[in-house]
Amino acid sequence: MRASLGRWVGQDPARQMMGMAAPFLILGAALMLLSMVLGASSSPSLQSASQGARAPAPYLLAAGFILLAVALVLRLRNGPRKPPRPDTSQLSSHLGNTTLFGSQLDSAMGDLVAVPAGRPLRPPAQMWNTQVFRDIEWRRFELVCAALFAQAGFEARTESHGPDGGGDIWLYSGHKEGPAALVRCKHRPGKKVALAEVREFHQLMRAHQVLRGTFANSGTFTAEAREFAKANGINAMDRLGLLALISQRTMQQKEDLLQLAYQDEYWRPTCARCGTPMVERRARKRGRTFWGCVDYPQCDFMLPVSKA
């Protein structure tokens with residue numbers, strides 16, 4: 001009953017009125033026809049029944065026609081009903097969603113068709129600014145961060161956890177056994193890193209007895225996350241902090257970083273499982289585009305396509 005009610009609420013109001021009118025019209029017409037059949041009989045009892053059947057018929061027909069008139073008014077006022085938008089929440093609820101894959105994805109989205117090679121949304125930036133972070137994909141951001149800290153004389157070893165999990169950069173120096181510092185990268189332009197994520201990074205530092213840590217984020221931090229980082233000796237470096245650090249490099253170093261950022265197809269995301277560039281695909285029935293692995297169906301990792 002709850003499911004039926006949900007379907008009823010989600011229907012077109014004009015269609016609802018038409019559905020309500022149908023029983024009145026059918027019953028009224030049936031009683032009218034029955035009265036005509038019974039009235040043709042010579043039996044007094046059948047003729048009396050004919051009159052009883054005829055009595056409510058006009059009222060039922062009138063109610064049905066009134067509901068039809070209301071449905072017509074609603075249809076003229078609202079125009080033809082638009083088809084419902086496809087439910088693609090499972091594709092774009094969060095990066096790296098793996099809820100629908102393989103035959104499940106085919107049945108939910110229809111046949112998959114290849115989309116011509118994409119192009120960047122805008123020309124590459126000619127100098128370092130926040131546009132660079134918005135232009136590049138998640139893996140390219142991690143590589144830029146690794147190169148940035150390697151320019152300070154560290155040996156940078158990266159460990160990527162995928163587009164949603166970010167990546168860790170272990171910094172080594174020749175004067176210390178083990179990692180000298182740890183950098184966590186999160187590529188989230190326009191979004192904030194929460195307190196729980198900074199806490200997790202702090203626990204990783206303590207587990208490896210690393211005293212120096214930097215949380216590099218292409219977006220920003222919540223106030224709680226920034227306060228926790230400050231209290232625990234973590235450098236919370238947002239997009240402006242990264243740009244400030246880049247500005248301290250030499251002209252050649254800044255140019256090298258910019259070339260790395262915009263090298264090749266910098267906008268095409270990397271598959272978190274295979275480490276290869278992904279291809280844009282479209283579901284034939286639903287029309288939704290998304291990034292899929294080139295090795296599909298062997299690898300069914302996918303990402304939503306970002307829109308400017």
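**Note on the predicted model: a five-stranded sheet and a pocket**

1. Start with the sheet. Five strands make up an open sheet, ordered β2-β3-β4-β6-β8, and their pairing is mixed. At the edges are β2 (155-160) and β8 (234-237), each of which pairs on one side only. From one strand to the next, the twist averages 20°. Keep in mind that this is a predicted model.

2. Next, the β2 edge. Strands β2 and β3 pair in the antiparallel sense, over six bridges. One residue pair to look up is E159 with its bridge partner in β3, D168. The two strands form a hairpin with six residues between them. In this hairpin, G162 has a positive phi near 100°.

3. Move on to β3 and β4. Strand β3 covers residues 167-172 and strand β4 covers residues 181-186. Their pairing is antiparallel too, with five bridges. Here W170 has L182 in β4 as its bridge partner.

4. Two helices should be viewed together with the sheet. Helix α8 (residues 138-150) packs on the sheet. It touches β2, β3, β4 and β6 (213-217). The direction of α8 makes about 160° with that of β2. Helix α11 (residues 239-247) lies across β6 and β8. Relative to β8, α11 runs at about 95°.

5. Helix α11 also leads to a pocket. Which elements give two or more residues to the lining of the second largest pocket? They are α11 and α12 (251-261). The largest share comes from α12, with four residues. The space in this pocket is about 160 Å³.

6. Now the lining itself. The residues around the second largest pocket are Q126, M127, W128, L243, I246, S247, M251, K254, E255 and L258. How many of the lining residues are nonpolar, polar and charged? Six are nonpolar, two are polar and two are charged.

7. Last, the whole protein. It has 12 helices and 11 strands. Of its 308 residues, 39% count as buried. Consider the contacts with a separation of 6 or more: residues 24 or more positions apart account for 57% of them.

8. A route for a first viewing. Begin at the edge strand β2 and cross the sheet in the order β2-β3-β4-β6-β8. Then find α8, which packs on the sheet, and α11, which lies across β6 and β8. Finish at the second largest pocket, where α11 and α12 each contribute two or more lining residues.

Conventions
Residues numbered from 1 in each chain as written. Predicted model: local features only at pLDDT ≥ 70, side-chain atom pairs only at ≥ 80, totals over all residues. Heavy atoms only, no water. Pairing = 2+ DSSP bridges. Axes fitted to C-alpha atoms, helices over the stretch in contact; angles between N-to-C directions. Contact = heavy atoms within 4.5 Å. 1 Å grid on protein atoms, 1.4 Å probe; cavity = no way out; pocket = protein on both sides within 12 Å on 5 of 7 lines; lining within 4 Å. Points joined across faces, edges and corners; volume = space filled by probe spheres on them. Nonpolar A, V, L, I, M, F, W, Y, C, P; charged D, E, K, R; others polar. Buried < 20%, exposed > 50% of the residue type's maximum accessible area, 1.4 Å probe, protein only.
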